[in-house]
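Biologist: I would like a close look at a single part of this model, followed outward into the parts around it. Please take your time and keep the account connected.

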Amino acid sequence: TAAQSQVECGPAEPEAITLEIVVLPCPHERHASMLRCALIVTVLFAECSLLLAAEKELYSRFSQETFQSAKDGSLKYRFLKPAGLSEAGDAKKFPLVVFLHGAGERGDDNTKQLVHGVTKFAADDYLKKYPCFVIAPQCPSGKRWVEVDWSLSSHRMPEKMSDPLRLTMELIASLEKSLPIDSSRIYITGLSMGGYGTWDAI
């Protein structure tokens, strides 16, 4: 009988796991099968722990920030600086990437918006090959990047921006003034609910 075990890996705090394997002779095939299953599950937990530790390292490279609007409201966001920024000098400018998350990552923990893909920019190879500023704002619970009915097959862009998207645009303008950002290379991308925000922002 085949035994399956599912292990969920996420951004939770990884736990240290010590793996010690002792193989004992089993007089019955059933006992041997159970031992093999237990060994597989233990190895999966160990691999999951290593993945969580690596993901946590990427999360930590994004600083936790809060933008306070001069007009009204505030916006939590995560911020990544390009590699080599301190050595670049005043003349060099870098692209800015804006990532808008989906509906499931709304909240105020300033962490969930990093779950899907954007941490790739913090990987060592990406930092070296694609140096850029990255911001990942978090839309508050109950809000949307674009306040439209998602059940409709199409929608017209609202005359007024939603508060989270307005604050994101204000944040971009503020960073352009304070950081060496190349204004001709500002990129915005998003998934699901963030796709709505991307189209309307453009």
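Modeller: In this predicted model, I135 touches Y77, R78, F79, L96, V97, V98, F99, L171, I172 and L175, once residues up to four places away in sequence are left out of the count. I135 also belongs to the largest nonpolar core, which has 22 residues, and together with Y77 and L96 it is one of the three that touch the most other members. Two or more residues come to this core from each of strand 2, strand 3, strand 4, helix 4 and helix 5, and the element that gives the most is helix 4, with 5 residues. Apart from this core lies another, made of 14 residues, among them L58, Y59, L114 and L127.

The sheet is the next thing to place around that residue. Its 5 strands form an open sheet in the order 1-2-4-3-5, and the pairing is mixed. Strand 1 (63-68) and strand 5 (181-190) stand at the edges, and because each has a single partner strand, one side of each is left without a neighbour in the sheet. From one strand to the next, the twist averages 25°. At one of these edges, strand 1 pairs with strand 2 (residues 74-80) in the antiparallel sense, over 6 bridges, and Q68 has S74, in strand 2, as its bridge partner.

Two helices can be described against this sheet. Helix 4 lies across strand 1, strand 2, strand 3 (94-100), strand 4 and strand 5, and runs at about 50° to strand 2. Helix 5 (residues 193-201) also packs on the sheet, where it touches strand 3 and strand 5, and its direction makes about 145° with that of strand 5.

Between strand 4 (133-137) and helix 4 (163-178) the chain passes through a loop, and P158 is found there. Is P158 buried, exposed or partly exposed? Its relative accessibility is 28%, so P158 counts as partly exposed. Beyond its neighbours within four places in sequence, P158 is in contact with V146, E147, V148 and D200. The contact with D200 joins positions 42 residues apart along the chain, and the C-alpha atoms of P158 and D200 are separated by 8.6 Å.

Charged side chains offer a second view of how parts of the chain are joined. Side chains of opposite charge can pair when their charged atoms come close. A search of the whole structure finds 5 salt bridges, and three residues, E57, R61 and D124, are linked in a network of them. Within that network, the side chains of R61 and E57 meet at 3.2 Å, N to O, while the closest N and O atoms of R61 and D124 are 2.7 Å apart. The pair of R61 and D124 links distant parts of the chain, since R61 sits in the loop between helix 1 (29-60) and strand 1 whereas D124 is in helix 3 (residues 124-129), 63 residues away. The members of the network can also be described by their exposure: R61 counts as partly exposed because its relative accessibility is 28%, E57 counts as partly exposed at 39%, and D124 is exposed, with a relative accessible area of 54%.

Another of the salt bridges is formed by D182 and R185, whose closest N and O atoms are 2.9 Å apart. With a relative accessibility of 18%, D182 counts as buried, whereas R185, at 30%, counts as partly exposed.

Finally, the chain as a whole gives these details their setting. Its secondary structure comes to 5 helices and 5 strands, and along the sequence these follow the pattern α-β-β-α-β-α-β-α-β-α. Of its 202 residues, 33% are buried, and the accessible surface comes to about 12,900 Å², with 54% of that belonging to carbon and sulfur atoms. Among contacts with a separation of 6 or more, 73% are between residues 24 or more positions apart. The contact between P158 and D200, at 42 residues apart, and the salt bridge between R61 and D124, at 63 residues apart, are two examples of links between separated positions of the chain.

Notes:
Residues numbered from 1 in each chain as written. Predicted model: local features only at pLDDT ≥ 70, side-chain atom pairs only at ≥ 80, totals over all residues. Heavy atoms only, no water. Helix = DSSP H or I, 4+ residues; strand = E, 2+ residues; numbered from the N terminus. Buried < 20%, exposed > 50% of the residue type's maximum accessible area, 1.4 Å probe, protein only. Contact = heavy atoms within 4.5 Å. Areas by Shrake-Rupley, 256 points an atom, 1.4 Å probe, with all protein chains shown as cover. Pairing = 2+ DSSP bridges. Axes fitted to C-alpha atoms, helices over the stretch in contact; angles between N-to-C directions. Core = buried A, V, L, I, M, F, W, Y, C linked by side-chain atoms within 4.5 Å. Salt bridge = Lys/Arg side-chain N within 4 Å of Asp/Glu carboxyl O.
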